[in-house]
Amino acid sequence: MTATPGARTDHAARARELDATDPLARYLDAFVPSDEVTAYLDGNSLGRPARASAERLARFATERWGARLIRGWDEEWYELPLALGDRIGAATLGAAAGQTFVADSTTVVLYKLVRAALAAPRAAGRDEIVLDSGNFPTDRYVLEGVAREHGATLRWIEPEHDEGVTPEQVAEVLSDRTALVVLSHVAYRSGYVSDAEAITRQAHDAGALVLWDLCHSAGAVPVALDAWGVDLAVGCTYKYLNGGPGSPAFGYVRVDLQDALTQPIQGWMGSAAPFEMGPGYAPHAGARQFLSGTPAIVGMLAMQDMVDLIAEAGMDAIRAKSVALTEFTLELVDDLLVPLGARVASPRDAERRGSHVTVDHDAFEATLPLLWERGVIPDFRRPNGLRLGLSPLSTSFDEVRVGVEAVCDALVEVTSGAAPAEALADATPDAPTP
């Protein structure tokens with residue numbers, strides 16, 4: 001198939017067919033639309049707000065905060081970090097109650113859990129942390145800092161550019177000195193889905209703890225923390241959980257580890273008796289001990305509605321839609337962008353691919369102003385990757401079509417200066433693939 005105007009007719013028909021048979025299509029109207037955006041392909045960075053969340057935020061100022069004032073703490077807010085954590089755990093993480101909490105930023109929760117793991121009794125005599133060079137910068141930066149504090153050694157895994165960490169690579173760096181393995185379940189750039197269950201088992205066999213970053217998993221890719229035996233996990237809530245800009249993170253600590261860990265940021269909200277204002281700190285029992293300061297209640301409002309939608313739709317159905325969206329994206333990329341010199345930098349195997357597709361081209365950064373001007377919002381990751389992030393409940397197949405076609409047009413303009421229609425007419429099926 002060539003990248004011709006006729007092919008675009010086929011793309012449009014294919015998108016209409018997929019949307020017409022999409023069992024989750026009814027959820028598209030559950031989100032606030034934007035008159036300025038025709039294709040939003042960055043849901044893996046910031047999810048759209050749910051309509052119910054917009055209404056909840058407006059009501060909160062008058063009905064909860066304005067009317068109840070300080071009484072809100074006794075009536076709901078004090079328990080919200082744990083109650084909402086349990087809901088996130090049940091709907092998206094495969095986690096039983098009492099193990100998930102909502103607090104702080106991803107960076108801060110990551111720091112807390114890494115420090116707690118390294119100070120755990122089972123880490124005694126172990127001084128190595130396993131991580132990978134392809135992990136999100138925050139993860140790498142936090143671990144570099146903690147390693148300096150503890151005199152620990154970082155053992156680096158070097159994943160392939162368009163893949164992620166494999167059990168075979170982990171096996172090569174594990175030893176009786178490994179204290180902690182910190183990896184992302186879904187790689188932030190390539191979208192590669194690591195075999196969390198196998199890697200967790202490997203780490204445990206070596207006597208180490210495991211911490212999984214679930215930022216690009218929660219709400220898009222099924223996770224089974226309890227079944228996999230995961231020790232610790234962290235994730236953000238503004239991507240597929242649609243909590244809004246800067247909404248607080250979640251953390252997970254397996255129930256049998258909670259009494260053995262001491263988190264390093266001892267704040268009043270995690271103490272055994274926070275309202276007694278006592279002279280010394282004693283940790284609260286259970287997951288509450290991993291809280292520190294006053295919870296960001298306003299930041300927890302929007303994600304509640306998205307968690308409801310996820311629980312209603314079910315993670316299996318959400319994952320099926322995610323796979324279908326990324327498969328269709330790859331069809332369009334192969335047809336429209338690869339002939340122009342682009343290269344797919346995400347796994348082709350759906351089982352190993354999350355809910356975004358990354359495509360590399362040296363001219364992509366220059367296309368962004370054109371795309372944003374035209375209401376098409378993808379995500380760029382250096383040095384040359386365009387991430388097409390697809391949020392299953394809020395993204396339609398036709399939106400994907402519109403977006404990838406716009407990327408094609410912008411790429412043609414940037415690289416050749418020709419009008420999009422002229423360049424498409426000249427495209428051939430024999431164009432080289434880098």
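**Entry 1: the pockets**

I began with the lining of the largest pocket and sorted it by class, which gave eight nonpolar, nine polar and six charged residues. I kept in mind from the start that this is a predicted model. The lining of this pocket comes to 23 residues, and I noted that Thr106, Phe136, Cys215, Cys236 and Tyr238 lie nearest its centre. When I looked up which elements give two or more residues to the lining, I found α5 and α6, the latter covering residues 137-150. For the volume of the largest pocket I wrote down about 290 Å³.

I then turned to the second largest pocket, which holds about 240 Å³ of space. Its lining is made of 19 residues, and those that lie nearest the centre are Gly134, Asn135, Pro159, Glu163 and Arg189. By class I recorded seven nonpolar, seven polar and five charged residues for this second lining.

**Entry 2: the sheet of seven strands**

Before tracing the sheets I reminded myself that strands of a sheet pair through backbone hydrogen bonds, either parallel or antiparallel. In what order do the seven strands of the open sheet follow one another? I read the order as β2-β8-β7-β6-β5-β3-β4, and the pairing is mixed. At the edges I found β2 (100-103) and β4 (153-157), each of which pairs on one side only. Ignoring direction, I noted that neighbouring strands in this sheet are turned by 20° against each other on average.

Within this sheet I followed one pair in detail: β7, residues 232-235, and β8, residues 249-253, pair in the antiparallel sense over four bridges. Here Ala233 has Tyr252 in β8 as its bridge partner. Next I looked at the helices that pack on the sheet, beginning with α4 (residues 80-93), which touches β2 and β8 and has a direction at about 120° to that of β2. Helix α5 (residues 106-118) also packs on the sheet, and I listed its contacts as β2, β3, β5, β6, β7 and β8, with a direction that makes about 170° with that of β7.

**Entry 3: the sheet of four strands**

I went on to an open sheet in which four strands stand in the order β9-β10-β13-β12, with antiparallel pairing. Its edge strands are β9 (343-344) and β12 (379-381), each pairing on one side only. Going along the order, I found two bridges between β9 and β10, where Val344 stands opposite Val359 in β10. Between β10 and β13 I found five bridges, and β12 and β13 (residues 385-389) pair over three. Arg387 in β13 caught my attention, as it is the bridge partner of Thr358 and also that of Asp379.

Is β10 enclosed by the rest of the structure or not, and why? I concluded that β10 is largely enclosed, because five of its five residues are buried. I checked the two faces separately and found both covered, with His356, Thr358 and Asp360 buried on one side and Val357 and Val359 buried on the other. Helix α12 (residues 364-373) lies across β10, β12 and β13, and I recorded that it runs at about 160° to β12.

**Entry 4: one charged residue**

Last, I looked up Glu405, whose place is in helix α13, residues 397-416. Is Glu405 buried or exposed? I count Glu405 as buried because its relative accessible area is 8%, and the cut-off for buried is under 20%. Leaving out residues up to four places away in sequence, I found that Glu405 touches Arg8, His11 and Leu336.

Notes:
Residues numbered from 1 in each chain as written. Predicted model: local features only at pLDDT ≥ 70, side-chain atom pairs only at ≥ 80, totals over all residues. Heavy atoms only, no water. Pairing = 2+ DSSP bridges. Axes fitted to C-alpha atoms, helices over the stretch in contact; angles between N-to-C directions. Contact = heavy atoms within 4.5 Å. 1 Å grid on protein atoms, 1.4 Å probe; cavity = no way out; pocket = protein on both sides within 12 Å on 5 of 7 lines; lining within 4 Å. Points joined across faces, edges and corners; volume = space filled by probe spheres on them. Nonpolar A, V, L, I, M, F, W, Y, C, P; charged D, E, K, R; others polar. Buried < 20%, exposed > 50% of the residue type's maximum accessible area, 1.4 Å probe, protein only.
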